[in-house]
Amino acid sequence: MKFLDQAKIYIKAGDGGKGCIAFRREKFVEFGGPNGGDGGDGGSVYIEAVENLNTLIDFRYQQHFKAQKGQQGMGSEMTGYKGEDLIIKVPVGTEIVADDGETVIADMVKKGERFLIAKGGKGGLGNARFKSSTNQAPRFATPGTEGEEIWVWLRLKIIADVGLIGLPNAGKSTFLSSVTSARPKIADYPFTTLHPHLGVAWINNKELVIADIPGLIEGAHEGIGLGDRFLKHVERCSVFLHMIDATSEDVASTYKTIRKELELYNPKLSAKPEVVALNKCDALDEKQIKEKLQELQKVCNKQIFTVSAVARQGLNECLNALDKYITRENRSKSAENKSGDERKPWSPLD
């Protein structure tokens with residue numbers, strides 16, 4: 001399935017039905033009074049977050065959404081049927097943004113959450129409503145009001161516990177494939193990953209949802225490379241796993257580049273907890289690893305984990321460090337709770 005994280009759609013609630021102009025015409029009723037019924041209300045439009053979707057690709061092929069109009073009123077004071085409501089289903093984590101591209105109308109972060117985006121119009125009044133002692137045969141009714149209409153942007157931000165960040169070819173996708181059952185494309189050239197991937201790792205009988213985004217380069221906050229289009233996908237993460245290629249010439253500069261881009265894009269991102277991992281250590285000897293750690297320690301006042309995603313070395317320690325920052329109470333405690341499957345959860349130690 002193709003990944004799409006942004007779409008613009010038009011939403012129109014149903015118009016209210018017209019009120020009816022009618023009079024009684026029964027035999028032997030010489031002066032039948034007005035009996036026109038009211039029009040039905042138009043259907044409203046709701047947006048609902050569902051968990052079985054992970055892309056906005058459907059909105060590429062359908063951009064216009066209109067709820068049903070209310071039925072016109074009828075004689076014998078019969079009210080028209082109300083228009084059927086329309087429910088637009090979006091992935092959990094979707095932001096609804098106004099047409100200006102900045103104003104956030106709603107943020108759909110919970111499964112089953114529903115938001116009224118456009119209210120249906122009210123049905124018009126039939127002529128029976130206007131009968132009075134001075135006007136016993138009114139020959140007018142009111143039209144229904146128009147339903148609300150709006151253009152909005154849908155922007156999907158992945159909900160994950162851990163966000164993988166780093167330069168292209170730092171080994172993020174390899175790490176994801178090593179600790180989860182996700183299978184992102186892996187190759188030895190930059191920007192192999194073109195859209196975010198999600199995977200679930202298990203540690204201490206608890207799950208960690210990990211998001212891998214395309215690699216960042218200098219100027220990413222301005223849209224250079226794949227840039228800020230994908231930085232938004234790590235905004236909801238509880239902790240970052242900053243992966244650094246141990247085979248790069250200047251690991252300190254590599255670390256500072258990514259930290260600078262996070263700060264320039266959104267200062268809140270740079271304040272998030274971070275676990276630093278020096279990857280591809282299987283390609284270096286002990287002396288070289290020690291030198292790289294010393295270089296990195298000068299600019300990074302944190303514990304640095306030496307790992308190899310390919311050889312699956314040091315992954316468990318890294319996941320344990322990430323797990324300490326996850327405080328979400330509703331994550332599953334075991335694979336049995338999630339699917340009813342009694343098999344042992346997958347673990348990087350297996």
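This section describes a three-stranded sheet, a buried serine beside it in sequence, and one helix of a predicted model.

The sheet is open and consists of 3 strands in the order S4-S2-S7, with mixed pairing. Strands S4 (86-91) and S7 (114-118) each have a single partner strand and stand at the edges, so one side of each lacks a neighbour in the sheet. On average, and with direction ignored, neighbouring strands are turned by 30 degrees against each other. Strand S2 (residues 45-50) and S4 run parallel and are joined by 6 bridges. Within S2 and S4, Ala49 stands opposite Val90.

Ser44 is located in the loop between strand S1 (6-12) and S2. Its relative accessibility is 8%, and Ser44 therefore counts as buried, the cut-off being under 20%. The side chain of Ser44 reaches the backbone nitrogen of Gly120 at 2.9 Å. When residues up to four places away in sequence are not counted, Ser44 touches Ala13, Ala67, Lys82, Asp85, Leu86, Leu116, Ala118, Lys119 and Gly120.

Helix H4 comprises 15 residues (residues 251-265). At 1.5 Å a residue the helix should span 21 Å, and the end C-alpha atoms are 22 Å apart, which agrees. At the start of H4, a side-chain oxygen of Asp250 comes to within 3.3 Å of the backbone nitrogen of Ala252. Ala252 is itself buried, as are Val251, Thr254, Tyr255, Thr257, Ile258, Arg259, Glu261 and Leu262 of H4.

Terms used: Residues numbered from 1 in each chain as written. Predicted model: local features only at pLDDT ≥ 70, side-chain atom pairs only at ≥ 80, totals over all residues. Heavy atoms only, no water. Pairing = 2+ DSSP bridges. Helix = DSSP H or I, 4+ residues; strand = E, 2+ residues; numbered from the N terminus. Axes fitted to C-alpha atoms, helices over the stretch in contact; angles between N-to-C directions. Expected span 1.5 Å × (residues − 1). Buried < 20%, exposed > 50% of the residue type's maximum accessible area, 1.4 Å probe, protein only. Polar contact = N/O pair within 3.5 Å; in protein donor to acceptor, adjacent residues only side chain to side chain. Contact = heavy atoms within 4.5 Å.
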